[in-house]
Amino acid sequence: MIQMRIAIIDRTKCKPNKCNYECYNFCPLNRAGKKCIEIIDGKPVIDESICIGCGLCVKKCPFKAIKIINVPEAKGEVVFQYGPNSFRLFSLPIVKMGKSIGILGPNGIGKTTAIKILSGQLKPNFGDYNKEYSWEEIIEKFKGTELQNYFELLSKGQIKVIHKIQEIQKLREVFKGKTVRELIKLDNPLLKEFGLDKILDRKIENLSGGELQKLLIYASLSKEGDVYIFDEPTNFLDIRERLRVALKIKALNKTKIVIDHDLLILDYIVELIHIAYGQKAAYGKFSQPKGNNTAINEYLKGYLKSENIRIRDFELYFLEGTEKERGKTIYLEWKPFTIDLGNFKLEAEKGEVYKKEIIGIVGPNGIGKTTFIRALKGDFDVKPIEKKITISYKPQYIEPKEVTVRKLFEQMNPNYRNEFYDSLLIRPLELYELFDHDLTTLSGGELQKVITAAALLKEADLYLIDEPTAFLDIEERVRIARAIRNIIKEKGKAAFVIDHDLMFMEYISDSIMVFEGEPSKYGKANKPLPIKEGLNLFLKNMGITIRKVNGRPRINEPGSRLDREQKAQGLYYY
Ligand code: SF4
Ligand code: SF4
């Protein structure tokens with residue numbers, strides 16, 4: 001097998017003013033008088049063409065800033081590289097005109113970089129990061145491949161690409177002071193369907209994540225284009241909104257590229273999937289396009305059959321089935337209660353949680369899910385739980401503080417490094433490498449893992465976890481779901497988890513609470529139900545049916561034979 005060795009230096013971790021240039025001083029080639037590591041503008045640069053991969057610099061760097069990686073079958077065909085010793089992309093997804101293509105893979109593996117290239121925002125530089133390639137040169141490089149024609153059309157402006165970006169929060173800054181009305185066309189019937197007609201006079205900086213997401217998807221769907229790219233269209237949306245958006249994207253009769261971490265939704269929208277793989281922050285590649293079912297199964301298994309490549313050394317189990325028992329010993333009970341916030345009212349039925357039970361909470365945004373768990377926490381005048389208990393709470397929105405991860409964990413639990421937490425939490429979530437990082441410097445996904453872990457570290461009787469999957473990729477979702485389940489079961493406590501990823505919710509929950517009502521006006525919290533019953537009720541409220549294929553849920557096409565049959569039998573989650 002042909003291998004290529006690459007050196008990655010994490011510029012945010014490299015701190016030359018706090019080290020003694022150990023990398024430079026210990027490199028055996030440097031010591032032999034060669035220039036394998038040079039210091040340029042105060043920072044090290046590794047010459048990969050002469051590096052022998054001994055790994056001494058990796059071991060000696062006090063800040064773990066260097067990685068030396070062997071890339072199998074790379075054959076040196078870099079498509080894009082940001083700079084010296086930095087992330088590089090070895091291939092691109094193939095755009096098949098008229099098709100709906102999905103991209104599935106972990107964060108930090110180049111999916112967004114590839115999308116920027118396909119939308120014309122970035123030009124391939126083939127690893128030559130100091131050079132700007134002309135379109136003629138780029139087309140020549142792709143000659144004979146399926147992308148040649150695509151780049152020819154793109155270079156001549158004969159393809160109009162509509163790109164819904166991933167980093168939607170950036171809009172708050174870019175369009176600060178503008179109202180929704182000023183930014184979008186108002187003549188599309190989707191305006192009402194997406195609920196945007198109610199927020200036309202709101203300023204962009206005051207929109208929630210979900211509203212911003214719907215606004216951007218609406219803006220994309222309202223434009224005329226040839227290729228539509230949707231980069232993580234489900235972030236911040238509740239399940240109902242995800243399905244609504246998915247239906248509209250699917251119905252768009254154009255070439256589409258969709259990146260998302262919600263398997264259920266991605267599977268529903270697209271016809272073919274490229275699996276992105278590689279090593280986070282080091283390199284990324286794309287598999288050949290595969291049929292959805294094959295791609296998702298291979299991705300979960302961690303083995304790409306036609307490429308004969310293992311992308312992970314373990315399988316991702318996301319499914320435990322719906323046949324979980326609710327438990328025998330009642331752990332806590334809550335009384336029926338009402339919370340009237342003036343413009344919003346929540347009514348909750350009485351209920352109970354069993355020892356070691358995890359209750360999943362599902363329902364639209366603005367229906368009172370967070371209000372419910374905050375009521376259990378004691379944030380309002382009502383006291384639904386009579387027993388005196390301690391609570392650990394992971395909020396939905398996280399404000400990062402200026403404190404290191406290590407310090408935060410110490411504050412939550414001085415025993416955070418014992419074997420119990422090490423094996424069930426810290427190692428599975430790969431948190432060691434973040435210990436010396438300040439919370440303010442973490443990415444959205446890293447912050448999510450750290451704050452959820454901090455909540456689990458705290459000793460408490462009841463754990464309230466609000467939206468733990470936001471910003472996480474599928475692998476991280478599985479890891480965090482397992483960590484939450486393991487900790488709650490092993491500690492013999494109980495938890496409530498709110499989330500919008502249905503596969504995650506089925507996996508993590510022992511029972512389901514369905515919230516119904518009218519968002520932003522009235523919410524009703526039903527008592528916990530067995531998973532199948534709960535998900536059935538939830539999907540019935542939305543008029544969506546889901547069937548299981550080899551244990552994996554798939555959305556039925558509305559109006560299809562299966563959809564009609566399941567609805568007739570009342571089997572919305574089958
Ligand atoms: S890579 Fe490590 S050892 Fe080298 S300069 Fe940076 S911090 Fe120092
Ligand atoms: S891996 Fe070895 S040869 Fe390569 S840069 Fe590091 S110390 Fe030098």
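**Salt bridges, cysteines and a ligand shell**

Student: At 43% relative accessibility, does Lys407 count as buried, partly exposed or exposed?

Tutor: This is a predicted model, and the accessibility of Lys407 is computed from its atoms. Buried would require under 20% relative accessible area and exposed over 50%. Since the value for Lys407 is 43%, the class is partly exposed.

Student: With which residue does the side chain of Lys407 meet in a salt bridge?

Tutor: The partner lies three residues away in helix α15 (residues 405-412), so the two are separated by about one helical turn. It is partly exposed, with a relative accessible area of 34%. The N to O distance of the pair is 3.8 Å, and the partner is Glu410.

Student: How many residues apart in sequence are the parts tied together by the salt bridge of Lys214 and Glu241?

Tutor: The side chains of Lys214 and Glu241 meet at 2.9 Å, N to O. Lys214 belongs to helix α10 (residues 209-221), while Glu241 belongs to helix α11 (residues 239-251), so the bridge ties together parts whose separation in sequence is 27 residues.

Student: Which residue of helix α11 is paired with Asp262, and thereby ties together parts 20 residues apart in sequence?

Tutor: Asp262 sits in the loop between β10 (255-259) and α12 (263-269), so its pairing with a residue of helix α11 ties that loop to the helix. Both members of the pair are buried. Their side chains meet in a salt bridge of 2.8 Å, N to O, and the partner of Asp262 is Arg242.

Student: Which side chain is joined to that of Asp510 by a polar contact of 3.2 Å?

Tutor: Asp510 is placed in the loop between α19 (502-508) and β24 (511-518), and at 4% relative accessibility it counts as buried. Beyond four places in sequence, the residues that Asp510 touches include Lys324, Glu357, Lys489 and Ile531. The side chain joined to Asp510 by the 3.2 Å polar contact is that of Arg485.

Student: How far from Cys36 is the nearest cysteine sulfur?

Tutor: A disulfide needs two cysteine sulfur atoms within 2.5 Å, and by this rule the count comes to zero disulfides. Cys36 is accordingly in no disulfide, and the sulfur of Cys27, its nearest, is away by 4.0 Å.

Student: How many charged residues are in the shell around ligand 1?

Tutor: The residues surrounding ligand 1 include Cys14, Cys19, Cys23 and Cys61, together with Lys15 and Glu22. By class, the shell has nine nonpolar and no polar residues, and its charged residues number two.

Technical notes. Residues numbered from 1 in each chain as written. Chains lettered and ligands numbered in written order. Predicted model: local features only at pLDDT ≥ 70, side-chain atom pairs only at ≥ 80, totals over all residues. Heavy atoms only, no water. Helix = DSSP H or I, 4+ residues; strand = E, 2+ residues; numbered from the N terminus. Buried < 20%, exposed > 50% of the residue type's maximum accessible area, 1.4 Å probe, protein only. Polar contact = N/O pair within 3.5 Å; in protein donor to acceptor, adjacent residues only side chain to side chain. Contact = heavy atoms within 4.5 Å. Near = heavy atom within 4 Å. Nonpolar A, V, L, I, M, F, W, Y, C, P; charged D, E, K, R; others polar. Salt bridge = Lys/Arg side-chain N within 4 Å of Asp/Glu carboxyl O.
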